[in-house]
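Please look through the structure below with its charged side chains in mind, and then with its rings and its nonpolar surface. The paragraphs that follow take up these topics in turn.

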Amino acid sequence: FDLGGAPGARLREVERDVELGAAGRDVQRIVARLRVAAAYLGAQLAQLRAEAARQGIELARRVLDAAEKRIEAGAASEFERASAQVELARIEASEQAALRERDESLMQLREALDLPGEQPLALTTRVDTPGPLPPLQTFIEAARKHHPDLVVLQKRLASLSATRERLERELFPRLGLYAGVDAAPASPVYGVLGVSGELPFAQRNQGPRAVVARSLETERTRLELLERRIERELRGSFDSHERRRAEYVVLSQSALPAAERSFELAEVGWRAGRFDWFRVALAARDLVELRSARIEALTALWSARIGL
């Protein structure tokens, strides 16, 4: 007989171990969801790069067309045509690179969703209009309750506590009862009744209890350090997201419209003979680079948001 309640403690220990395993499973589910989100965003952002490249190709072709017309009129040199062709080829190559990245991300998305390689995918949610985030405190409170690393550590602490309880309950030695009757022929009949007990009676489980006690101290310290680290990372990711969002807004609402207007004015002035070709090429390149910078800011923004 286990008089100290060890059988119930053993059952609770197994239950805590099962909960710890379930927490590890939930972490893998979160990782899988992040893989899906990252692949989806990668495909959509690559599509945006391809669209920006196509816009750049249209600009380069306009510049090339104007250069050819000026050459026909004798107002330009062959150098302008060659430079415009180089710029057009560079942007066409960037379009192909963006399309390659999109296809790779789509294949990663099929892999994350366990879909056939030939399965067509239609991505319907756009990523170029990210909305505002809730306050930082919302993320901090949610992390304290649901962050997977914290949950795993909490479950590990619960498992160790259950192990410590089981070891403490096993300090009580098992006791047994025995009885018997001796009725041998030509001998008196007598009965036997007694109690049996395990040895040793004291100082049991000292080594395992010491290990579990120190493991509990270590895991509690790790939990405290992890809570503070997660809060720091949240604040850093939140600040990075807000800065990237402000950068994206400035590029979208101020820089790009100004660059588009600058190119239009440079093109009109060049066709009228007031500007040289280099000013038009510079305005076109500035516009293409700003569109690329806008998408890179959007990519960084979404990276910070995924982290949050």
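Which residues are linked in a network of salt bridges? In this predicted model, the network joins Asp2, Arg10, Glu13, Arg166, Glu170, Arg174, Glu198 and Arg204. A search of the whole structure finds 34 salt bridges, and one of the contacts worth following in detail is that between Arg166 and Glu13, whose side chains meet with an N to O distance of 2.9 Å. Because Arg166 belongs to helix α4, which covers residues 148–169, while Glu13 belongs to helix α1, which covers residues 6–72, this pair ties together parts that lie 153 residues apart in sequence. Both partners can also be placed by their accessibility: Arg166 has a relative accessibility of 18% and therefore counts as buried, given that the cut-off for this class is under 20%, and Glu13 is likewise buried, with a relative accessible area of 12%.

Two further salt bridges can be set beside that pair. In one of them, Glu15 is joined to Arg16, with 3.7 Å between the closest N and O atoms; Glu15 has a relative accessible area of 36%, so this residue is described as partly exposed. In the other, the side chains of Arg25 and Asp26 meet at 3.3 Å, N to O. Here Arg25 is partly exposed, with a relative accessible area of 43%, and Asp26 also counts as partly exposed, at 32% relative accessibility. The reader may wish to compare these residues on the display with Arg166, which is buried, and with Glu13, which is buried as well.

Turning to the rings, a search of the whole structure finds one aromatic pair. A contact between a charged side chain and a ring can be found at Trp302, where Arg305 lies over the face of the ring, at 5.2 Å from the ring centre.

The last topic is the nonpolar surface. Which residues make a nonpolar surface patch of about 820 Å²? The patch is made by Phe1, Leu3, Leu175, Leu177, Val195, Leu199 and Phe201. Among them, Leu177 can be followed further, since this residue lies in strand β1, which covers residues 175–182, and at 65% relative accessibility Leu177 counts as exposed, the cut-off for that class being over 50%.

Terms used: Residues are numbered from 1 along each chain as its sequence is written. This is a predicted model: local features need pLDDT of at least 70, side-chain atom pairs count only at pLDDT 80 or more; totals for chains, interfaces and linings use all residues. Side-chain values use heavy atoms; hydrogens and water are left out. A salt bridge is a side-chain nitrogen of Lys or Arg within 4 Å of a carboxyl oxygen of Asp or Glu. Helices (H or I, at least four residues) and strands (E, at least two) are DSSP runs, numbered from the N terminus. Buried means under 20% relative accessible area, exposed over 50%, partly exposed in between (1.4 Å probe, protein chains only). Rings of Phe, Tyr and Trp (its six-membered ring) pair if their centres lie within 6.5 Å; planes under 30 degrees apart count as stacked, over 60 as edge-to-face and the rest as tilted. A charge sits over a ring if NZ of Lys or CZ of Arg is within 6 Å of the ring centre and within 35 degrees of the ring normal. Patches are made of residues with over 30% relative accessible area and no salt bridge: like charges are joined within 9 Å, nonpolar side chains (Val, Leu, Ile, Met, Phe, Trp, Tyr) within 5 Å. Accessible areas come from the Shrake-Rupley method with a 1.4 Å probe; for residues, only the protein chains shown count as cover.
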